[in-house]
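This briefing summarises selected local features of one protein model for use in computational work. The topics are an enclosed strand, its pairing partners, backbone angles in loops, and the surroundings of one helix residue.

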Amino acid sequence: MNIRHRLVHAVRPSISHHRFAARLLVALRVLCLVVCSLSAVSGYAQRLELASDVSPAAPDGEVARMMLGFRRLVTHAVSADPMMLAALQSAAQSTFEREGRGWPVGQLLVVVDRHPKVQLLVVALAQADGGWLVVGAAKVSTGRPGEFDHYFTPTGLYEHGPNVGSFRAEGTFNSNHIRGYGLKGMRIFDLGWVQAAKAWGPGGLNIIRLQIHATDPVLEARLGRPASKGCIRIDAGLNRFLDEYGVLDGAFEQWHVETGQHPWFWLTERRPTPWSGRWVVIVDVAPIIAVVRQP
């Protein structure tokens with residue numbers, strides 16, 4: 001074997017070792033990325049489950065029953081990340097403080113986030129520590145900008161009760177052959193005449209009738225993005241849940257006790273809880289982690 005062959009044989013093992021080491025390093029890096037990704041996904045999934053979990057350790061059997069009812073009825077229910085829910089709770093609490101009202105401890109409340117990338121409604125039970133217990137969350141549609149006679153759904157604190165009332169949809173079609181209030185019998189939760197910003201032209205303010213109501217079944221697919229003229233559109237199942245469980249009937253129940261009169265629109269098969277509320281809070285919170293999936 002001459003000198004050249006000896007050099008080749010001496011170099012080959014060295015090159016082979018370097019190639020092996022390089023490939024091993026790449027493989028280790030890939031493995032590390034996979035493990036980290038799986039860990040992140042697992043942690044995120046656990047947070048999502050926390051947002052919608054109904055566990056046997058729920059603080060009250062009635063609350064657990066409501067949570068199950070929410071899942072049973074609401075067709076556009078979603079799970080939101082706990083951080084997003086915490087941001088909404090903080091915004092709702094700040095709204096009560098700005099209005100000079102205390103946190104409605106022991107009452108159900110409805111919080112709506114009108115942000116175009118969120119479009120979420122949360123039903124929750126206010127707690128004594130200033131927090132809340134989330135019963136459920138669902139997609140909604142608020143005011144869509146850019147079209148004549150459309151308004152930005154106004155933020156603020158709104159009371160639902162005998163001073164503005166409720167009524168039921170007749171199920172009739174409008175000029176666009178759409179049932180604006182949804183199917184016959186759906187309840188309209190009236191929040192009264194309020195000031196709202198025009199969402200077309202040069203802007204300005206006007207007075208609108210703010211309501212929470214169902215929409216035509218063919219339009220429910222649009223829930224989750226701005227689509228209304230200024231009201232809060234919900235799916236028929238959520239409408240039934242709010243109605244059946246008396247979520248916003250606190251003022252009506254008080255009126256019923258004081259006057260002995262029975263609200264004409266109450267369902268015969270109501271399942272009111274001890275925590276019927278009256279407050280609707282509309283906020284605009286930029287998404288921290290978007291609503292991601294149905295529970």
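Strand 2, residues 108-113, is largely enclosed by the rest of the structure, because six of its six residues are buried. The model is predicted. The points below describe strand 2 and its partners, and then turn to individual residues.

**Burial of strand 2**
- In a regular strand, side chains alternate between the two faces of the sheet.
- Both faces of strand 2 are covered.
- L108, V110 and V112 are buried on one side, while L109, V111 and D113 are buried on the other.

**Pairing of strand 2**
- Strand 2 runs antiparallel to strand 3 (residues 120-126), and six bridges join the two.
- Within this pairing, V112 of strand 2 lies opposite L121 of strand 3.
- The two strands form a hairpin, with six residues between strand 2 and strand 3.
- Q119, located in the turn of that hairpin, has a positive phi of about 50 degrees.
- Strand 2 also pairs with strand 11 (residues 279-283), here in the parallel sense and over five bridges.
- In the parallel pairing, V111 stands opposite V281 of strand 11.

**Positive phi in loops**
- Most residues other than glycine have a negative phi.
- D149 is not a glycine, yet its phi is positive, at about 65 degrees.
- D149 is placed in the loop between strand 4 (132-139) and strand 5 (151-152).
- The relative accessibility of D149 is 29%, so this residue counts as partly exposed.
- H177, likewise a residue other than glycine, has a positive phi near 60 degrees.
- The loop that holds H177 lies between strand 7 (166-168) and strand 8 (187-198).
- H177 counts as exposed because its relative accessibility is 56%, and the cut-off for that class is over 50%.

**Surroundings of N239**
- N239 belongs to helix 4, which spans residues 236-244.
- With a relative accessibility of 1%, N239 counts as buried, the cut-off being under 20%.
- The side chain of N239 reaches the backbone oxygen of R187 at 2.7 Å.
- Leaving aside residues up to four places away in sequence, N239 touches M186, R187, F189, H213, A214 and I234.
- R187 is thus both a polar partner of the N239 side chain and one of the residues that N239 touches.

Notes:
Residues numbered from 1 in each chain as written. Predicted model: local features only at pLDDT ≥ 70, side-chain atom pairs only at ≥ 80, totals over all residues. Heavy atoms only, no water. Buried < 20%, exposed > 50% of the residue type's maximum accessible area, 1.4 Å probe, protein only. Helix = DSSP H or I, 4+ residues; strand = E, 2+ residues; numbered from the N terminus. Pairing = 2+ DSSP bridges. Polar contact = N/O pair within 3.5 Å; in protein donor to acceptor, adjacent residues only side chain to side chain. Contact = heavy atoms within 4.5 Å.
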